[in-house]
Amino acid sequence: MRKLVNENRIFRDLEELKKITDTQGKGVTRFSYSESDKKARAYLLKEAKAFGLKAETDKIGNMFIKLPENSKKEVIMTGSHIDSVREGGYLDGSLGVICGLEVLRRVREKDLNFKKTIWLVVFVEEEGSNFNATITGSKFLTGEYGEEDLDILKNKDGATLRRILKENNYPEFNSEELKPDFNNIKAMIELHIEQGPVLDRKGISLGIVENINGMKVHEITVTGLSNHAGASPMTGRKDALVFSSECVLKTKEIIERDGKGSEVATVGHLEVSPNMSNVIPGRVKFTLEVRGPEAERINSLSEMILSEYRLLAERENVEIDIEKVAFSKPYRMDKSIVTALEETAKKQKEPYLLMNSGAVHDTGSMSSYIPSAMIFVPSIDGRSHVSTEETKKEDIIKGANLLMETLLSLAD
Ligand SMILES: [Zn+2]
């Protein structure tokens with residue numbers, strides 16, 4: 001393998017960021033705007049300054065680290081996020097940020113010069129840990145979120161994003177100042193852990209992402225009839241949980257039969273009422289989430305599953321109310337950037353897998369404006385958003401080298 005990045009520096013930084021958490025010993029908890037988030041940002045800033053890099057933070061908290069060039073050069077961008085879920089892993093987001101920083105450090109210490117310049121963006125509030133809404137930072141950059149969302153986005157204590165920004169001394173919001181000049185940014189590449197088991201199972205170190213899956217979430221409220229669990233015979237019951245359990249199994253059956261391999265459906269949340277051992281469950285709320293790379297397929301699969309629920313409801317004599325609660329569209333990555341990544345991987349003699357991302361990423365929303373793609377490295381046993389999240393060191397370095405060499409070739 002050609003030596004491009006400084007491996008020790010990457011592992012040191014990842015270890016340092018791992019220590020900056022609100023839940024010591026129990027994974028990484030670092031919500032945007034928290035004290036830990038500020039400490040992590042200070043760490044990045046110190047590193048950036050040591051290499052003469054410029055850093056700017058926009059009015060919502062996205063941080064940009066740039067080469068100290070004044071010109072109006074065209075931009076090649078990389079980036080990810082440093083916020084986390086509660087008790088999450090140390091690589092989610094941080095890997096892409098640290099490896100992006102490493103590219104800039106390398107360019108500085110080797111005094112490399114290119115036609116275009118390179119920016120690292122550290123997106124704020126990617127995970128949605130504060131506001132239950134993912135990829136918030138990039139949605140503000142693209143204008144998908146505007147000033148009104150400062151009052152709509154609220155944390156669990158009811159504090160709005162506007163109030164949180166004010167308390168953290170952010171300057172007054174200005175959506176026009178926030179938007180980068182997208183015409184001048186020629187590419188965006190994010191390196192991220194896969195967060196699923198595909199690469200790990202296949203034993204391939206590098207994934208090049210062609211699509212980021214979209215998803216549709218429905219909430220289903222089932223109304224049956226609560227009654228004494230001892231005195232009510234099995235016939236004639238209206239058990240909302242028995243019905244919901246049939247729905248869960250039907251969901252698996254339909255997606256396995258009619259879904260393509262890249263499509264998934266999950267019932268991930270159930271609320272059973274009254275949730276007592278001696279009462280027939282009279283009411284259940286559950287979610288159906290369908291994900292895939294094509295919007296039409298997500299819609300048709302959701303409909304297929306929901307109409308099966310309706311048929312079952314008639315048979316089981318319960319009432320159901322179906323409500324759509326969320327939709328995020330799938331994103332297609334740019335062919336020319338995917339090709340650039342493939343060519344670099346071939347040059348590096350590294351096998352790679354063309355794949356889809358099951359998880360949503362900021363690069364998705366950026367891809368509507370900037371030619372974008374992503375690099376994945378394997379997550380051991382597919383684990384992510386947990387403290388045991390891990391990637392082999394050699395895979396991290398392969399991902400970092402693919403990122404670096406492709407960014408430099410695009411900047412040239
Ligand atoms: Zn992430």
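Are Lys-156 and Asp-157 buried or exposed? Lys-156 is exposed, and Asp-157 is exposed as well; the legends below take this pair up again in Figure 2. Please keep in mind that this is a predicted model, in which local features need pLDDT of at least 70, side-chain atom pairs count only at pLDDT 80 or more, and totals for chains, interfaces and linings use all residues. Residues are numbered from 1 along each chain as its sequence is written, and side-chain values use heavy atoms, with hydrogens and water left out.

**Figure 1. The protein chain as a whole, with its helices and strands.** Welcome to the overview: the protein chain holds 13 helices and 14 strands. Helices (H or I, at least four residues) and strands (E, at least two) are DSSP runs, numbered from the N terminus. The C-alpha trace spans about 80 × 50 × 40 Å along its principal axes. Its radius of gyration is 23 Å, in agreement with the value near 22 Å for a compact globule of 412 residues; the radius is taken over C-alpha atoms, and the globule rule is 2.2 Å times the number of residues to the power 0.38. Of the 412 residues, 55% are buried, where buried means under 20% relative accessible area, exposed over 50%, and partly exposed in between (1.4 Å probe, protein chains only). Among contacts (heavy atoms within 4.5 Å) between residues at least 6 apart in sequence, 78% join residues at least 24 apart.

**Figure 2. Salt bridges at Lys-156, Glu-144 and Glu-219.** Side chains of opposite charge can pair when their charged atoms come close. The rule used here asks for a side-chain nitrogen of Lys or Arg within 4 Å of a carboxyl oxygen of Asp or Glu, and by this rule the count comes to 35 salt bridges. Lys-156 pairs with Asp-157, with the closest N and O atoms 3.8 Å apart. In the salt bridge between Glu-144 and Lys-139, the closest N and O atoms are 3.9 Å apart. Glu-144 is partly exposed at 47% relative accessibility, whereas Lys-139 is buried at 16%. Glu-219 forms a salt bridge with Lys-285, and here the closest N and O atoms are 4.0 Å apart. This pair links distant parts of the chain, with Glu-219 in strand S7 (residues 214–223) and Lys-285 in strand S10 (residues 283–292), 66 residues apart. Glu-219 is partly exposed, with a relative accessible area of 22%, and Lys-285 is partly exposed at 26%.

**Figure 3. A network of salt bridges around Arg-9 and Glu-109.** Here you can follow charged side chains beyond single pairs. The linked residues are Arg-9, Arg-12, Asp-13, Glu-47, Glu-102, Arg-105, Arg-106 and Glu-109.

**Figure 4. His-218 and its surroundings.** His-218 belongs to strand S7 and is buried, at 7% relative accessibility. Leaving out residues up to four places away in sequence, His-218 touches Phe-286, Thr-287, Leu-288, Ser-302, Leu-306, Ile-322, Glu-323, Lys-324 and Val-325. If you also show Gly-268, its C-alpha is 11 Å from that of His-218, with their positions 50 residues apart in sequence.

**Figure 5. Backbone details at Pro-274, Tyr-33 and Asn-169.** Most residues other than glycine have a negative phi, and most peptide bonds are trans. The peptide bond from Ser-273 to Pro-274 is cis, with omega near 5 degrees, and Pro-274 lies in the loop between strand S9 (270–273) and S10. Tyr-33 has a positive phi, near 75 degrees. Tyr-33 sits in the loop between helix H1 (7–19) and helix H2 (35–50) and is buried, at 9% relative accessibility. Asn-169 also has a positive phi, of about 60 degrees. Asn-169 is found in the loop between helix H6 (161–167) and helix H7 (175–178), and at 69% relative accessibility Asn-169 is exposed.

**Figure 6. Phe-173 in the loop between H6 and H7.** This last view stays in the loop that holds Asn-169. Phe-173 is buried, at 12% relative accessibility. Beyond its neighbours within four places in sequence, Phe-173 is in contact with Lys-59, Ile-60, Phe-140, Gly-146, Glu-147, Leu-150 and Leu-178. For a sense of scale, the C-alpha atoms of Phe-173 and Asp-395 are separated by 40 Å, and the two residues are 222 residues apart along the chain.
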